[in-house]
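Hello,

Here is the structure I promised to pass on to you. Have a look at it first, and then read on for what turned up in it.

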Amino acid sequence: MTTALITGATAGLGAAFARRLARDGHNLVLVARNGERLREYATELHDRHGVEASVLPADLSTEEGLTAVEERLDDREHPVDLLVNNAGFGNKGRFLDVPMADELTMLKVHCEAVLRLTAAAVPVMRERGRGGVVNVASVAAFVPRGTYGASKAWVVQFTQGVAKDLAGSGVRLMVLCPGFVRTEFHERAGMDTGDIPGWMWLDADRVVDAGLKDLARGRPLSVPDPRYKVLLGASRLVPRAVLSKASSTTGRKYGPK
């Protein structure tokens, strides 16, 4: 039986990945900051699907948390077959309104954690000739939108580059770029989402299903909905200055209260 390690596993896309993978019979290693919530969710998944679901409480914005997850991924006796780097968050306010410490924490979780955990997982997978890494980014990676968008753009470029480096090794890397997903993400960031059109919202379980299908097909990039594929295609035709202004306006309209 294969094992999947998921960061940010207790809510949103992380929880949806855990549900889907447990249903498919994968053992799980669930990573998040809240140990009590992790244990409750692990018990639920074990009871419902009969899989092993271990917990690893870790704050990926800290050296201690990152090291703990790296050590688990480096375990040759209990190898991880699929890594899902899902942990992430948004900050309140525009640039200069956000404390620098919060911006740096975002870069640590969105970029350094993805880099280090991927680097810890891939050697073990390559030795075995199989494995996969899904790095969760966002369609925000493709528009000019502050530190959040920039960090997700880094995830896209990093994942696609490493995917090319590992071609033929049996290890697949894919970056998942959804749009607005109905999760706790916006609520945790204090964002006002009341005016977002209903058609722009995606279901977390459907996003995961589409992403895993793209991973199985060997695609390095997954935009898991036709609506957002059309929007991204159209955005390439819009002058950069216009796109930047529209992105900033949208960010203020749908962003933090």
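**What was found**

Of the chain's 257 residues, 48% count as buried. Please keep in mind while reading that this is a predicted model. The secondary structure comes to 9 helices and 9 strands. Among contacts between residues at least 6 apart in sequence, 71% join residues at least 24 apart. About 12700 Å² of the chain is exposed, and carbon and sulfur atoms supply 52% of that area.

**The core and a surface patch**

Let's begin inside. The largest nonpolar core has 67 residues. Those with the most contacts inside this core are I6, F17, L28, L30, V69 and L73. If you would like one of them to start from, try V69: leaving out residues up to four places away in sequence, V69 touches L5, V31, L56, A58, L60 and L117.

On the outside, there is a nonpolar surface patch of about 560 Å², made by F95, L96, M100, L104 and L107. Of these, L104 is found in helix α4, which covers residues 100-128.

**Helix α4 and T118**

T118 also has its place in helix α4. Is T118 buried or exposed? Its relative accessible area is 3%, so T118 counts as buried, the limit being under 20%. The T118 side chain has a polar contact of 3.4 Å with the side chain of N85, and it reaches the backbone oxygen of V114 at 2.7 Å. Not counting residues up to four places away in sequence, T118 touches L83, N85, A113, P123, V133, N135, F158 and L173.

**Salt bridges**

A search of the whole structure finds 14 salt bridges. In one of them, the side chains of R116 and E63 meet at 2.9 Å, N to O. R116 lies in helix α4 and E63 in helix α3 (residues 63-73), so this pair ties together parts that are 53 residues apart in sequence. The relative accessible area of R116 is 16%, which makes R116 buried, while E63 is partly exposed at 44%.

Another salt bridge joins the side chains of D74 and R76, at 2.2 Å from N to O. Here D74 is partly exposed, with a relative accessible area of 40%, and R76 is partly exposed as well, with 41%.

A further salt bridge links R217 and D214, whose closest N and O atoms are 3.0 Å apart. R217 counts as exposed at 52% relative accessibility, whereas D214 is buried, with a relative accessible area of 5%. Salt bridges that share partners also join E63, E70, K108, E112 and R116 into one network.

**A second look at D214**

Where does D214 lie? You will find D214 in helix α7, which covers residues 204-216. Which side chain makes a polar contact with the side chain of D214? That of R219 does, at 3.0 Å. Leaving aside neighbours within four places in sequence, D214 is in contact with M174, R219 and S222.

If you want somewhere to begin in the viewer, I would suggest T118, with its polar contact to N85, and then D214, with its salt bridge to R217. After those two, the pair R116 and E63 makes a good next stop, since it ties together parts that are 53 residues apart in sequence.

Enjoy exploring, and do write back with any questions.

Best wishes

Notes. Residues numbered from 1 in each chain as written. Predicted model: local features only at pLDDT ≥ 70, side-chain atom pairs only at ≥ 80, totals over all residues. Heavy atoms only, no water. Patch = residues over 30% accessible without salt bridge, like charges linked within 9 Å, V, L, I, M, F, W, Y side chains within 5 Å. Areas by Shrake-Rupley, 256 points an atom, 1.4 Å probe, with all protein chains shown as cover. Salt bridge = Lys/Arg side-chain N within 4 Å of Asp/Glu carboxyl O. Helix = DSSP H or I, 4+ residues; strand = E, 2+ residues; numbered from the N terminus. Polar contact = N/O pair within 3.5 Å; in protein donor to acceptor, adjacent residues only side chain to side chain. Contact = heavy atoms within 4.5 Å. Buried < 20%, exposed > 50% of the residue type's maximum accessible area, 1.4 Å probe, protein only. Core = buried A, V, L, I, M, F, W, Y, C linked by side-chain atoms within 4.5 Å.
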